[in-house]
Amino acid sequence: MRAFWSLLLRTSRKNQPFSAFPFANFSTHNADHSHHSTLQIFDRNLKRKQRDRAAWLMSSKDPLLDNVAHNLLDRLHDCKKDFPTALCLGGSLQAIRRSLNGRGSIEKLIMMDASSEMVQACKNAADVSNNDNIESVYVVGDEEFLPIKESSVDLVISCLGLHWTNDLPGAMIQSRLALKPDGLFLAAILGGETLKYFSKFSST
């Protein structure tokens, strides 16, 4: 489908020194947050409120999200290594969880979204239907200010969430910093032809 881009990136930061602190903010914005280094296209606070409202209105299963998540996670079959610790960024958390099915040999899954309501909805769904042995951790955090320790996860997954960021390269850099050497960044984002693609079908 032309409407989506899939990103499959491997890190190669071997033997680089890393700081030893539990959480860090690796934002590419200025430290005082008073002046941003990128154009503010999206109001992140407004988007968080919108997602808070949408959390309890969304269907428990969405065929589109499930299909994208399934196709994205299929890339894990191309990798010969395991990914014990994975970070799933906001977007389609529940679809990713439903589609894992043992892929990547994930043992610990960090589920993160800027919306506390989305995180709670994901946790509630996992409490009801969880039948695997994956340890789940739920974090409220922003992709633009990633609160994850450097070199702490083996896999970063984002399914239809990064297109809302104002600084996509910066968010990807932060994900790379969070990855261990030879870690994997796996993402599906809306591509440049998305609006044109959907407007074509909505007018027929």
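Mentor: Let's begin with residue classes: Ala, Val, Leu, Ile, Met, Phe, Trp, Tyr, Cys and Pro count as nonpolar, Asp, Glu, Lys and Arg as charged, and the others, Gly among them, as polar. This is a predicted model, in which local features need pLDDT of at least 70 and side-chain atom pairs pLDDT 80 or more, while totals for chains, interfaces and linings use all residues. Residues are numbered from 1 along each chain as its sequence is written, and side-chain values use heavy atoms, leaving out hydrogens and water.

Trainee: Then let me start with the fold. How many helices and strands does the protein chain have?

Mentor: Helices (H or I, at least four residues) and strands (E, at least two) are DSSP runs, numbered from the N terminus. Here the protein chain has six helices and six strands. Going along the sequence, their order is β-α-α-β-α-β-α-β-β-α-β-α.

Trainee: And what share of the 204 residues counts as buried?

Mentor: Buried means under 20% relative accessible area (1.4 Å probe, protein chains only). In this protein chain, 43% of the 204 residues meet that cut-off. Contacts, meaning heavy atoms within 4.5 Å, add another view. Among the protein chain's contacts with a separation of 6 or more, 82% join residues 24 or more positions apart.

Trainee: Which residues have the most contacts inside the largest nonpolar core?

Mentor: A nonpolar core is a set of buried Ala, Val, Leu, Ile, Met, Phe, Trp, Tyr and Cys residues joined through side-chain atoms within 4.5 Å. The largest one in this model has 26 residues, and the most contacts inside it belong to Leu-72, Leu-76, Ile-96, Ile-106, Leu-109, Leu-155 and Cys-159. Two or more residues each come from α2 (63-73), β2 (85-89), α3 (93-99), β3 (108-113), β5 and β6 (179-190). Helix α2 gives the most to this core, five residues. Another core, of 16 residues, lies apart from it and includes Ile-148, Val-156, Phe-185 and Ile-189.

Trainee: If I click on Ile-106, what does it touch?

Mentor: Leaving aside residues up to four places away in sequence, Ile-106 touches Phe-83, Pro-84, Ala-86, Leu-100, Ile-134 and Leu-155.

Trainee: Now for empty space. How many cavities of 30 Å³ or more does a search of the whole structure find?

Mentor: On a 1 Å grid over the protein atoms alone, a cavity is a set of points where a 1.4 Å probe fits but cannot get out, with lining residues having an atom within 4 Å of a point. Points join across faces, edges and corners, and the volume is the space filled by probe spheres set on them. The search finds one such cavity, and the largest cavity has a volume of about 120 Å³.

Trainee: What lines the largest cavity?

Mentor: Its lining consists of Arg-44, Lys-47, Arg-48, Arg-51, Gly-90, Gly-91, Asp-113, Ala-114, Glu-143, Leu-160, Gly-161 and Trp-164. By class, that is six charged, three polar and three nonpolar residues. Helix α1 (residues 44-54) supplies the largest share, four residues.

Trainee: Glu-143 is on that list. Is Glu-143 buried or exposed?

Mentor: Glu-143 counts as buried because its relative accessibility is 6%. Its place is in the loop between β4 and β5. A polar contact is a pair of N or O atoms within 3.5 Å; within protein, one must be able to donate a hydrogen and the other to accept it, and residues adjacent in sequence count only if both atoms are side-chain atoms. The side chains of Glu-143 and Arg-44 make such a contact at 2.8 Å. Beyond four places in sequence, Glu-143 also has Leu-89, Gly-90, Met-112, Leu-162, Thr-165, Ala-171 and Gln-174 among the residues it touches.

Trainee: Where is Leu-160, another lining residue, found?

Mentor: Leu-160 sits in the loop between β5 and α5 (168-178). Its phi is positive, about 60°, although Leu-160 is not a glycine. Leu-160 is buried, with a relative accessible area of 12%. Ser-151 also has a positive phi, near 50°, and is placed in the loop between β4 (135-140) and β5 (153-159).

Trainee: One more loop residue, please: which backbone nitrogen lies 3.0 Å from a polar side-chain atom of Asp-167?

Mentor: That nitrogen belongs to Gly-170. Asp-167 lies in the loop between β5 and α5 and is buried, at 10% relative accessibility. The C-alpha atoms of Asp-167 and Gln-40 are 8.4 Å apart, across 127 residues of chain.

Note on methods: 1 Å grid on protein atoms, 1.4 Å probe; cavity = no way out; pocket = protein on both sides within 12 Å on 5 of 7 lines; lining within 4 Å. Buried < 20%, exposed > 50% of the residue type's maximum accessible area, 1.4 Å probe, protein only.
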